[in-house]
Amino acid sequence: MAVPYPERLYYTDPYLTRFEARVVERLTWEGRPAVVLDRTAFYPTSGGQPADRGTLSGVAVVDVVIREEDGAVLHLLEEDRLPDRVIGEVDWGRRFDHMQQHTGQHLLSAACERLLDADTVSFHLGAEVSTIDLNRPRVPLEAMEEVEDLVNRIIWEDRSVASRFVQADEVAGLPLRRPPQVEGPIRLVEVADFDLNPCGGTHVAHTGEVGLLKVLRLDYRGEETRVEFVCGGRALRDYRRKNRIVHRLSTALTVGQDELEEAVSRLQESLKATRRELRAAREQLLEGLAERLLRSAPPGPVRVVRAVLEGYEPADLRSLAQRLIGAPDTVVLLAALAERTHLCVARSEGLEVDARALLRAVCDLLGGKGGGQPHFAQGSAPTADRQRVENSLRQAASILETQDPTSTE
Ligand SMILES: [Zn+2]
């Protein structure tokens, strides 16, 4: 059977990792030295499956791509130093991983067609997980679990997986899952009594080698459902990682693995209650502080409350200022020291005082900035020097002594 130029050894033997070949063309491709060989076991990026890695006579093969115009397989190299006759070595770990994922995908797509009447419209073999897109919206998780059961049953039955080439005119009578998308002789991959599909990828010889297929996630994307899955070694690593996480969590929470969900929801509830209590305690604290500040302000036609506080958030400062200006004829200049100083200036309803002007006076002295409304303004300054901040509040407050803030004119 004729196969397309050059001889692609992985078509007939995906387990072949060492081969001899002759360099038939040398070129530069995307800035890299590259060669075309008369025969190759290297799989080039195509059909949703990434390219192999490995070496040609000890030189690393960094990528393998197909040249569109003539179908040549280009081996992109780390260095430009190949003899005319080379020994190729394919990275078997990577190749076998791709074989597991790709054969798993054929089983998954065939099972989706059988049980869900859903066609696979695209396949992506990723570095971590693989995906297929089904032409059916919102496939329920329970339905996908049945698909997963069927796939794994076929895996454990260790059915044979074989490939063969047929001529285009022979294809018409065959029960293919998907019509071929190439011209000329067509390569078919058949899982015994389960699936027959045109494909140029590398596959295991028996489904048992896939080991396990696990669906990780369903992603509903409009009219399609994206299925994220892992097979074989990836499924083992995923299980190992999740088992570790669950083990660590159950140790940290001192509960059995089956009680984890309940323990987490109890924690969430208690966190909510604690937050509520904390907020209430904070409010009480601010209420008491407001009363003390009002009592200790010097008497006058206008009560001026000045305070420099520590350990208060800007939100506390706002809340405190709101309480203080609830009292009549009161002007408030508050600062909370932290890495920067937060500032809040406010006044009671009816007073002819511009809180923004007072804040501006404070900011000018401290090199800060801020703004707001005539009755309530906030800002911050890049200092944590208590003495400076106290002085700036005092100086700004002295502006009030030169005017009659109770005037309504
Ligand atoms: Zn395929």
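Leu-107, Leu-108, Ala-111, Cys-112, Leu-115 and Leu-116 of helix 2 meet Ala-143, Glu-146, Val-147, Leu-150, Val-151, Ile-154 and Ile-155 of helix 3; two residues are in contact here if their C-beta atoms, placed from the backbone, lie within 7 Å. Sorted by class, this contact has 12 nonpolar, no polar and 1 charged residues. (Ala, Val, Leu, Ile, Met, Phe, Trp, Tyr, Cys and Pro count as nonpolar, Asp, Glu, Lys and Arg as charged, and the others, Gly among them, as polar.) What you're looking at is a predicted model, where local features need pLDDT of at least 70, side-chain atom pairs count only at pLDDT 80 or more, and totals for chains, interfaces and linings use all residues. Residues are numbered from 1 along each chain as its sequence is written.

Let's stay with that pair. Two packed helices are described by the angle between their axes and the distance between the axes. For helix 2 (residues 92-116) and helix 3 (residues 141-156), the axes come within 9 Å and cross at roughly 130°. That makes helix 2 oblique to helix 3. Angles under 35 degrees count as roughly parallel, over 145 as roughly antiparallel, 65 to 115 as roughly perpendicular and the rest as oblique. Axes are lines fitted to C-alpha atoms, for helices over the stretch in contact, and angles run from 0 to 180 degrees between N-to-C directions. Helices (H or I, at least four residues) and strands (E, at least two) are DSSP runs, numbered from the N terminus.

Now for a sheet. Strands 9-10-15-14, in that order, make an open sheet of 4 strands with antiparallel pairing; two strands pair if DSSP finds at least two bridges between them. Strand 9 (120-125) and strand 14 are at the edges with a single partner strand each, so one side of each has no neighbour in the sheet. From one strand to the next, the twist averages 20°. Strand 9 is joined to strand 10 (residues 130-134) by 5 bridges, and Ser-122 stands opposite Asp-133 in strand 10. Strand 14 (residues 213-221) and strand 15 (residues 224-231) run antiparallel and are joined by 8 bridges, with Val-227 of strand 15 as the bridge partner of Leu-218. Their hairpin has 2 residues between the strands, and Gly-222 there takes a positive phi near 60°.

Which strands does helix 3 lie across? The answer is strand 14 and strand 15, and helix 3 runs at about 150° to strand 14. Helix 5 (residues 232-252) also packs on the sheet, touching strand 14 and strand 15, and its direction makes about 90° with that of strand 15.

Further along, the axes of helix 6 (residues 260-296) and helix 7 (residues 314-324) come within 9 Å and cross at roughly 50°. That makes helix 6 oblique to helix 7. Among the residues that meet are Leu-286 and Leu-293 in helix 6 and Leu-320 and Arg-323 in helix 7. This contact of helix 6 with helix 7 divides into 7 nonpolar, 1 polar and 4 charged residues.

Next come helix 8 (residues 355-366) and helix 9 (residues 386-401), which pack at an angle of about 140° with their axes 9 Å apart. Their contact includes Leu-358 and Val-362 of helix 8 and Val-389 and Ile-399 of helix 9.
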